[in-house]
Amino acid sequence: MSTPQEAITAPQSAAGFLKDNLRDFGMLISLVAIVIFFQIATGGVLLKPLNVTNIVLQNSYIVIMALGMLMVIVTGHIDLSVGSVAGFIGGLAGLMMVKLGMNFAVVIVACLAVGALIGAIQGYFVAYFKIPSFIVTLAGMLVFRGLMIAILGSQAIGPFPPIFQKLSSGYVVELISSAGGLYITSFLLGLVLAIILIMQNLAGRKRRISHGVETEPFGFFVAKNLLILAGVGYIAFLISSHRGMPNVLIIMAVLIAAYSFLTTRTVIGRQIYAVGGNARAAELSGIKTTRLVFFTFVNMGVLAALGGLVVAARLNSATPKAGAGFELDVIAACFIGGASAYGGVGKVTGAVIGAFLMGVMNNGMSILGIGIDYQQVIKGLVLLGAVCVDVYNQRR
Amino acid sequence: MLDPVSLPEKPPILEMRGISKSFGAVKALSDVSFTVREGEIHALVGENGAGKSTLMKVLSGVYPHGSYEGSILFDGEERHFHNINNSEALGIIIIHQELALIPLMSIAENIFLTHPPARHGIIDRGERHRRTQALLAKVGLSEQPDTLITNIGVGKQQLVEIAKALSKDVRLLILDEPTASLNETDSAALLELLKEFRSHGITSILISHKLNEISEVADRITVLRDGRTVGTLDCHAGPVDEDEIVRRMVDRDLESRYPKREPKIGDVIFEVENWSAYHPMHSDRQVVKNVSLKVRAGEIVGISGLMGAGRTEFAMSLFGRSWGRHITGTAKLHGKELDLSDVHKAIKAGLAYVTEDRKQLGLILPEDIRKNVSLAHLGGVSSRGVIDDIAEMKVAQEFRGRMRIRSHNVYQETGKLSGGNQQKVVLSKWLFTGPEVLILDEPTRGIDVGAKYEIYMIINELADAGKAVIVISSEMPELIGICDRIVVMHEGAFVGEVSGEGATQENIMRAIMRRKGREE
């Protein structure tokens, strides 16, 4: 009988490792390729500091909602109501802050709580009442779109107090005076972020090596971390050359880190994937599947509310059109990012990359002057193509 | 024909010569020769992965001509099948292990799904009904043609599949593990049917792991091992020795099919009293009726019974009420009453239940070995809700070694493992929870002889470690081979008990029949 311990410790060759992890890196490579393509096609406009800041601001709420959507999709469900919920919450915020003159902090907390409540109601029907999520959230989509128009009276409410606008259009306070057009504090923040990422990677690698279970080749590890440093550093540099780091980028970064951790490292995260992979088997392994599904919908409600607030702050008004069609962008981001419609598969980083992939395409095509009509056609084809490539890779 | 022995008898209907088939670098079949005579029942046996299914896919055209080497002769002529339609046109029909019936369509609609009797493109329902009735009579199934598939049991569904094959003028019927999910009575009926077909001149190829069935009906037996033909046994030349078949299949001597063990039985540790459960949908149907059971430390207790006797329902209702409604009764471990109100609590209380269906209920197939092993006891590899990936990996590696799970490493997807190895992963998952009471439901279903032996060894080890082990199985020889005591369940109640020493298939069946007789 062969000893079972042998195979695992052998470090793989760089090519072999890349092949095994193609799915993860493929996404990133596609994003970089699309960025390069539009950078050339737009004659360098895409990566101008102003435009990079714009891409971040334009996509922040999609990314925030995609974090929640990814978990919903991983459990094998879907939430079609997020656009309507985001719009409804924006309207609610407008009503409370502008019409009733309530304090912005109170309003934010109240809005997130309402988001949680909406998620709980929908989650109750899905998890405990066993009604397909497609139907429950399709109903939610209609209900909250209607309620929003009802509370807004089909007109926009605005403007919001300046402090609330800062949620979206504010920038990190610069502690050091800017030098040569560069916002030093923002730039340093970016560098610190890159260094934290690299330190984490290093610590993880050290730990795995000490237990003899590292499979990533050293050269590959160095190259990966240099790319992280260069990539994050460059983006930080671009953003810092415009007006500094937007507040919403900080919120986004914190949320991405938190949800990455939640999905990959925690017991709850593992159980969510198990529920999506095989709900009956998970249940018979002692996992409380209904409660977890309920939880993912509550979580989605809160993030949809946060997305709604960010949009309202960015537009500086609550309009009846806000949030329309967001659900499609959010769901597309998850699927482009490698999530499986059958559940059990998908990554937070994939969803984030998927969201930016769509965002860069939107932005790049707008700069090129492609009409909204053909933009939709191209986005649809990209979604289909990305999923086809993924399915093909799976079958191989 | 080159083989002079086959000449005096009937000529071969099928001859596969020198078949080789590779998937990438893996050679699934190498130079396999396989001859089937007209009108015989020819059994094809071998361990999982020996190449039986691949050979049948080559024959039926699933792997088209050109994707393999060698030649296929049917009725003495060389044939090139490019898809299933080509082989079906000649009357070669395969019935797969996973039945290909549409649950919400009627029996008649299923039988004539691809070739309904029609006039001008409009289905002639009356004709279809008549023909279906005739076919059902042939296979001995007394159901109405418009009964939905979902409303009949697996055994009857199997018969519908056969009726479907008959509707296509079958000449060579290939059955892949037809009795794997059937109970004894249905299996016996199916085998009788094959014999009857033989008398009408229909040739059958039977793929099965159940050697007793094979020796009962087969005229000849071909053994495959590692993608090669080991040999063909003629059952009419003399009595077939089952151990001889096993030896050829695994190429090693198995002392016996069941490992020896000196039971070290202690005191009663697990007690179930007056356990009852009702059907979740039909709340007036009591499926488990006042069952009481005591299991001692180090004891292996078998639960025997026909399909539908309520064995799985008993186990699942006990295991965190994962089946049924209005569940009543008490369960005690070491004299203390247990709270088994949900699965999580049942696991905490020291119970483990290895499900009968490992793919649907046991494993998260897209996940790797490591994540499946830790799933039921994530608390054991985490602190404050955060998983320690290295501790987890070490646990998985330990079980991989102890259970002899054959895989590249612990990061291999469980969906890509063989049945026996998948079952070992499921067992690992439950052993990691550190159970006191282990309930195994059909632990060796669809697993080859070699892996079965290893599973029995694991079960023995657990018993020797002082656990209470309960084994549910439809294979009586298996229960007789490994259990210290066997209780017989019939229609939801325990109707008899035989000790391991005195257990024979006859007295188990007698216990069931006696009860049946009393009811009638």
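D31(B) sits in strand β2 (residues 26-37) of chain B. Keep in mind that the model is predicted.

**Exercise 1. Find the phi of D31(B) and decide whether the residue is buried, partly exposed or exposed.**

Start with the backbone: phi of D31(B) is near 55°, a positive value in a residue other than glycine. That's worth a look, since most residues other than glycine have a negative phi. Next, count neighbours: 14 other C-beta atoms lie within 10 Å of D31(B). Buried needs 20 or more and exposed needs 12 or fewer, so D31(B) comes out as partly exposed.

**Exercise 2. Do the same for R321(B), and say where in chain B the residue lies.**

Place R321(B) first: it's in the loop between α9 (311-318) and β16 (325-333) of chain B. Phi of R321(B) is near 50°, again a positive value in a residue that isn't glycine. With 17 other C-beta atoms within 10 Å, R321(B) is partly exposed.

**Exercise 3. Check the span of helix α6 of chain A against the expected value, then work out what the helix packs against.**

Helix α6 of chain A covers residues 104-128, which is 25 residues. From first C-alpha to last it reaches 35 Å, close to the 36 Å expected at 1.5 Å a residue. Now pick out the buried residues of α6(A): they include F104(A), V107(A), C111(A), G115(A), I118(A), Q122(A) and V126(A). As a reminder, residues three or four places apart in an α-helix point the same way, because there are 3.6 residues a turn. The buried residues of α6(A) pack against α5 (82-99), α7 (133-152), α8 (162-169) and α14 (289-315) of chain A. Past the helix, look at K130(A), which follows α6(A) and has a positive phi, near 60°.

**Exercise 4. Locate the cis peptide bond that joins G158(A) and P159(A).**

Omega for this bond is about -15°. P159(A) belongs to the loop between α7 and α8 of chain A.

**Exercise 5. Describe the side of chain B that touches chain A.**

Begin with the totals: the contact takes 32 residues from chain B and 26 from chain A. On the chain B side, α10 (343-349), α11 (358-362), β20 (386-387) and α13 (389-402) each supply at least two residues. Of these, α13(B) gives the most, with five residues. Sorted by class, the side of chain B that touches chain A has 16 nonpolar, eleven polar and five charged residues.

Notes:
Residues numbered from 1 in each chain as written. Chains lettered and ligands numbered in written order. Predicted model: local features only at pLDDT ≥ 70, side-chain atom pairs only at ≥ 80, totals over all residues. Helix = DSSP H or I, 4+ residues; strand = E, 2+ residues; numbered from the N terminus. Expected span 1.5 Å × (residues − 1). Contact = placed C-beta atoms within 7 Å. Nonpolar A, V, L, I, M, F, W, Y, C, P; charged D, E, K, R; others polar.
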